[in-house]
Amino acid sequence: PGRFLDPHQKVAEFCKLLRHPGLLHCVRTLIGRDPEPFQTITSHKGSQQGEHSDSIHMTTFPLGYLSAAWIAFEDIHPDSGPLIYYPGSHRLPYLFSKDVGIAEGEFHGDYTPYHDKYEPAIKRLIEDKKLEPHYFHAKKGDVLIWHANLIHGGSQRRNLQYSRKAVV
């Protein structure tokens, strides 16, 4: 599918990147707590994943202490399906499964409720709040750190010849 979950568990270099002191310092400064890095996702092409907040998949208790870092392994071409994000959306109320009518246990293994209920709710939120999309046209080595409630996704891949090599 173009993405691999948790390569840091098998490849030492990804584990070192996950725990990079400079990255951890930046996250600590932003969230005001010591980070506990726990997941990586690598990609070699644009995901075209619909807009979402990471909070639909996981969160913290208390709320507000989950972040992500997207690191470009190459210059990201505008036609490769760059990361799309909506500045300021992290300040909106959290939108959880129960808020869009997804019952507990309904989401496991079957993404139909996610596509049918959550994604339309996010699209309405973007429209209702008049959120403007921005695109992360990164250069190799650029890092984007975001709050887990930031609405983001993978934009349309306009040219399938372009890769989008990165790690989150």
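**Exercise 1. Which residue lies over the face of Tyr65, and at what distance from the ring centre?**

Solution. The model is a predicted one. Start at the ring of Tyr65. Arg33 lies over its face, 3.7 Å from the ring centre. The cut-off for a charge over a ring is 6 Å from the centre.

**Exercise 2. Classify the ring pair Tyr114 and Tyr118, then place it in the chain.**

Solution.
- Step 1: count the pairs. There are five aromatic pairs.
- Step 2: take the geometry of one of them. The ring centres of Tyr114 and Tyr118 are 5.2 Å apart, and the planes meet at 25 degrees. Planes under 30 degrees apart count as stacked, so this pair is stacked.
- Step 3: find the spacing. Both residues belong to helix α3, residues 112-128. They are four residues apart there, so about one helical turn separates them.
- Step 4: check exposure. Tyr114 and Tyr118 are both buried.
- Step 5: widen the view. Ring pairs join Tyr111 to Tyr114 and Tyr118 in a cluster.

**Exercise 3. Find the buried side of helix α2 and say what it packs against.**

Solution.
- Step 1: list the buried residues. In α2 (residues 21-31) they are Leu23, Leu24, Val27 and Ile31.
- Step 2: test whether they share a side. Their arc around the axis is only 95 degrees, so they sit on the same side of α2.
- Step 3: turn the helix over. The face away from the buried side carries Pro21 and Thr29, which are exposed.
- Step 4: name the partners. The buried residues of α2 pack against α1 (12-18), β3 (67-72) and β6 (143-147).
- Step 5: look just past the helix. Gly32 follows α2 and has a positive phi of about 75 degrees.

**Exercise 4. Describe the largest pocket and its lining.**

Solution.
- Step 1: give the volume. The largest pocket holds about 1300 Å³ of space.
- Step 2: count the lining. It has 50 residues. Nearest the pocket centre are Gln39, Ile41, Met58, Ala68 and Val168.
- Step 3: assign elements. Those giving two or more residues to the lining include α1, α2, β3 and α3.
- Step 4: pick the main contributor. β3 gives the most, with five residues.

**Exercise 5. Is Arg3 buried or exposed, and what is it in contact with?**

Solution.
- Step 1: locate Arg3. It is in strand β1.
- Step 2: judge exposure. Its relative accessible area is 36%, so Arg3 is partly exposed.
- Step 3: list contacts beyond four places in sequence. Arg3 touches Ile41, Thr42, Ser43, Ser47 and Gln49.
- Step 4: look along the chain. Lys165 is 162 residues from Arg3, yet their C-alpha atoms are separated by 9.6 Å.

Notes: Residues are numbered from 1 along each chain as its sequence is written. This is a predicted model: local features need pLDDT of at least 70, side-chain atom pairs count only at pLDDT 80 or more; totals for chains, interfaces and linings use all residues. Side-chain values use heavy atoms; hydrogens and water are left out. Rings of Phe, Tyr and Trp (its six-membered ring) pair if their centres lie within 6.5 Å; planes under 30 degrees apart count as stacked, over 60 as edge-to-face and the rest as tilted. Buried means under 20% relative accessible area, exposed over 50%, partly exposed in between (1.4 Å probe, protein chains only). A charge sits over a ring if NZ of Lys or CZ of Arg is within 6 Å of the ring centre and within 35 degrees of the ring normal. The arc is that of the directions from the helix axis to the C-beta atoms. Contact means heavy atoms within 4.5 Å. On a 1 Å grid over the protein atoms alone, a cavity is a set of points where a 1.4 Å probe fits but cannot get out, and a pocket is an open set with protein on both sides within 12 Å along at least five of seven lines; lining residues have an atom within 4 Å of a point. Grid points are joined across faces, edges and corners, and a volume is the space filled by probe spheres set on the points.
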